[in-house]
Each structure stands twice: as structure tokens, then as C-alpha cells.
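This report concerns the metal sites, the ligand surroundings and the nonpolar core of one protein model. The sequence and structure are shown first.

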Amino acid sequence: MKIGGKGRYPFGPLRERFRGCMLGLALGDALGVPFEGRREVRGDQVWRAAEERPLLRYTDDTHMAIGVAESLIKCGRFEGRHMAETFARNFKEEPWRGYGPGPPRVFEKIEAGVPWDRAAETIYPGGSFGNGAAMRVAPLGLYYCRDFKLLPEAAAQQSKITHTHPLGIEGAVLQAFAVALAALHGPIPSAGELLARLRTLTGEEIYRSKLEEMESLLGEPRASAVALRLGNGIEAFNSVPAAICCFLRHPGSFAEAVVEAVSLGGDTDTIAAMAGAIAGASLGVEKIPRGWLAKLENKDYLDQLAVRLWEAALKGADGS
Ligand code: R7I
Ligand code: MG
Ligand code: MG
């Protein structure tokens, strides 16, 4: 099947891929967070930490993705006001999840009655280009995985709740599409085809050039070259390409993709959360190491959310 082409809705495996995506995102986040800010991390350190830690606790990346999923399930489509209020309410309940500096200030404004599509405009001059809109967008990529017309607009709109800079928005659109294509097609037929499809979505030069650069990194033995050439920072344009690249370098292994994402250093929880979401969407929950899953905080709720999101997406697909 051609990437991005219309195929039959693969009902059975798709459910497992929705589950793989939500759980994969949370696991990447949880596995990455102890190494946040490091310059570089050895793969064996990541494997050992995953084995030794008794509980794999997630951060804001997953907490906000939960908000995206909850809102889509409740509304049956993207509703900006509802999603913004869901974010604000969830933040109030668990403000200690390690949020970036911008979003809590946006939530305050939303609670004070500022419209959801205006609240983020003044937080940073020109809007935030942090990776906060991309890190949480995976459930929306799943929900709209059959609708490539609605998907970019919905991904951009959900970004605008907190991130209005074009680079923050485009990062979220690319991550949403990578998840959607992975969920729709399962194991990817070819990295080049997926990259070509993503390139058609780019308007910003920095993303276009990094997607081009990525092709030459697929056969590169040193993971450190990925961080060096694509970046590993908190900015969307320095972490979304890195996450996509880790998945493409290990398209058949959830664990390898996520461990490599953490090993890049920098914004490890977020790069691994995004790589984990794409890898989980492509490979399905059965390819996620069971020992890791068993220790994931709030696993049952995340799993239920994924199944409910899948049910809601099917309802939408039936037109009911
Ligand atoms: O993007 P955001 O939600 O943060 C997400 C990150 C992830 O790594 C999470 O795991 C968590 O740790 O936080 O939060 P923002 O405050 O919107 O942006 C994050 C950072 O991006 C800011 O602190 C700035 O360093 C940078 N940044 C900008 N810097 C200068 N000018 C974002 N926008 C700008 C800008 O316009
Ligand atoms: Mg985080
Ligand atoms: Mg982070």
C-alpha cells in the first residue's frame, strides 16, 4: 500500500497500534526523564535504568497527551475551548509534572477568561517554538489518521492553544502526521517514502532541510551524529526531527528506537516520548517490552484512553 494512499481501515491491528502509541509515548517520556539535560547518554545506561527503576513515572508530555485524548473522546472532534480547559484543569490537579515555563501562564489566562486561541499570543514574542505542542499531539494524529484533510488543521489548532510560533506549529503538524502514517500503515514499507510524504507538509526551511539530512543519517552507525546534525534541544525544530529519525533508524524495534532517542541527550523525555509514540503506532503494543509496560505509571488508564480513542475514531469514520 502506498504511504498516504487510501486503504481499507485495518480494524483489528489498528486498535493495537492506538494502544502502542499512547503507551509508547508515556514509556518514552518516563524512560527519558532521568537523563534530561545530559550531553550524551550510553545506550546501556538507559537499558539498566529501565530495568532497575521500580516505577516508570511520566511527565508533562504524557500528562498533556492525556488531555488531548480526553478532549477528543469527549467532543468527538477537535474543540479548541474544550481542549484548552481540559489542559488547564489537568494542570491544576498535577502541576508538578515538569511543565515548560510557558503553558502554566497560558492556563492562567484561559482560567481568567481569555479566549483559547488568544491566550498564548503574548507569552513569547512571536509565540513559543518549544516542543510542547508536538510532544502531546500523538492522540490527535491517531484520531485523524484517516483524514489527511482535517489532520494538519487540527494539529495546528491544538498547537495554538499554547504554541503560536510557526516553528512550534509545524513541529506539531509533522509529529501528528508521522504518528498518523505509522498508525495507518503499521510497519513502514520504506523510510524514503515516509520522509517524502512528510516533506510535502513543510513550509519552514529548517524542517525541510532536516528531513533531507535525515536520509543520510539512516545508515550512520553513530547515534551522536543524529544529535549533532538534527539537534536535541527543547525547541520543536531541534527535537521533532531527532525523534522521527530515531524511529526511522530502528523501524522494527520499539526498544531500540526509544533507547536511541534517550541516548541523544538534551530534551530526552520529549524526544523519546515522540519517538515512542511513532514506534508504538507503527509496531503496536505487542512489540513494547512487557517488563517496561508493567512498571509504567497509570498504565491501565492510558490503555483505556487509547481504546476509547480508537472507538471514537471508528465512530467518526462510520459517519455516526
Ligand atoms: O514547549 P513547552 O511546553 O516545553 C516543553 C518542554 C518539554 O521538554 C517538556 O518535557 C518540559 O520539560 O518542557 O514550554 P515553552 O515554555 O512554550 O517552551 C519551552 C522553551 O522553549 C522555553 O523555555 C524557551 O527556552 C524555548 N522557547 C523560546 N525561546 C525564545 N524565544 C520557546 N519559544 C521561544 C521564543 O519565542
Ligand atoms: Mg516532560
Ligand atoms: Mg522534555
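The paragraphs below treat the two metal ions, then ligand 1, then the core. The model is predicted.

**Metal sites**

The magnesium ion (ligand 2) takes its protein donors from Thr59 (OG1), Asp60 (OD), Asp61 (OD) and Asp269 (OD), at 2.1 to 2.3 Å. Along the chain, these donors follow the spacing T-D-D-x207-D. The magnesium ion (ligand 3) is coordinated by Asp267 (OD), Asp269 (OD) and Thr270 (OG1), which lie 2.0 to 2.2 Å from it. Here the donors are spaced D-x1-D-T along the chain. Asp269 coordinates both magnesium ions, and ligand 2 and ligand 3 are 3.7 Å apart.

Several of these donor residues are buried. For ligand 2, Thr59 and Asp60 are both buried. Among the donors of ligand 3, Asp267 counts as buried because its relative accessible area is 7%, which is under the 20% cut-off. Thr270 is likewise buried, with a relative accessibility of 2%.

**Surroundings of ligand 1**

Around ligand 1 there are 22 residues, of which Gly102, Tyr124, Ser128, His163 and Asp267 come nearest. Asp267 is thus among the nearest residues to ligand 1 and is also a donor of the magnesium ion (ligand 3). Thr270, another donor of that ion, has a side-chain N or O atom 2.9 Å from an oxygen atom of ligand 1. The table lists three polar approaches to oxygen atoms of this ligand.

| Residue | Protein atom | Distance to an oxygen atom of ligand 1 |
|---|---|---|
| Thr270 | N or O atom in the side chain | 2.9 Å |
| Gly127 | backbone N or O atom | 3.3 Å |
| Glu36 | polar side-chain atom | 3.4 Å |

Taken alone, ligand 1 exposes 700 Å², and the protein buries 82% of that area.

**Nonpolar core**

The largest nonpolar core comprises 123 residues. Within this core, the residues with the most contacts are Leu72, Phe78, Leu140, Leu198, Leu248 and Trp292. Helix α9 (residues 166–185) supplies the largest share of the core, with 14 residues.

Trp292 illustrates how contacts in the core join separate parts of the sequence. Leaving aside residues up to four places away in sequence, Trp292 touches Leu27, Leu31, Trp47, Ala50 and Leu56, together with Phe254, Ala255 and Val259.

Technical notes:
Residues are numbered from 1 along each chain as its sequence is written. Chains are lettered from A and ligands numbered from 1 in the order in which they are written. This is a predicted model: local features need pLDDT of at least 70, side-chain atom pairs count only at pLDDT 80 or more; totals for chains, interfaces and linings use all residues. Side-chain values use heavy atoms; hydrogens and water are left out. Donors are N, O and S atoms within 2.8 Å of the metal (3.2 Å for Na, K and Ca); water is not among the atoms, so sites may look incomplete. Buried means under 20% relative accessible area, exposed over 50%, partly exposed in between (1.4 Å probe, protein chains only). A nonpolar core is a set of buried Ala, Val, Leu, Ile, Met, Phe, Trp, Tyr and Cys residues joined through side-chain atoms within 4.5 Å. Helices (H or I, at least four residues) and strands (E, at least two) are DSSP runs, numbered from the N terminus. Contact means heavy atoms within 4.5 Å. A residue is near a molecule or strand if one of its heavy atoms lies within 4 Å of it. A polar contact is a pair of N or O atoms within 3.5 Å; within protein, one must be able to donate a hydrogen and the other to accept it, and residues adjacent in sequence count only if both atoms are side-chain atoms. Accessible areas come from the Shrake-Rupley method with a 1.4 Å probe; for residues, only the protein chains shown count as cover.
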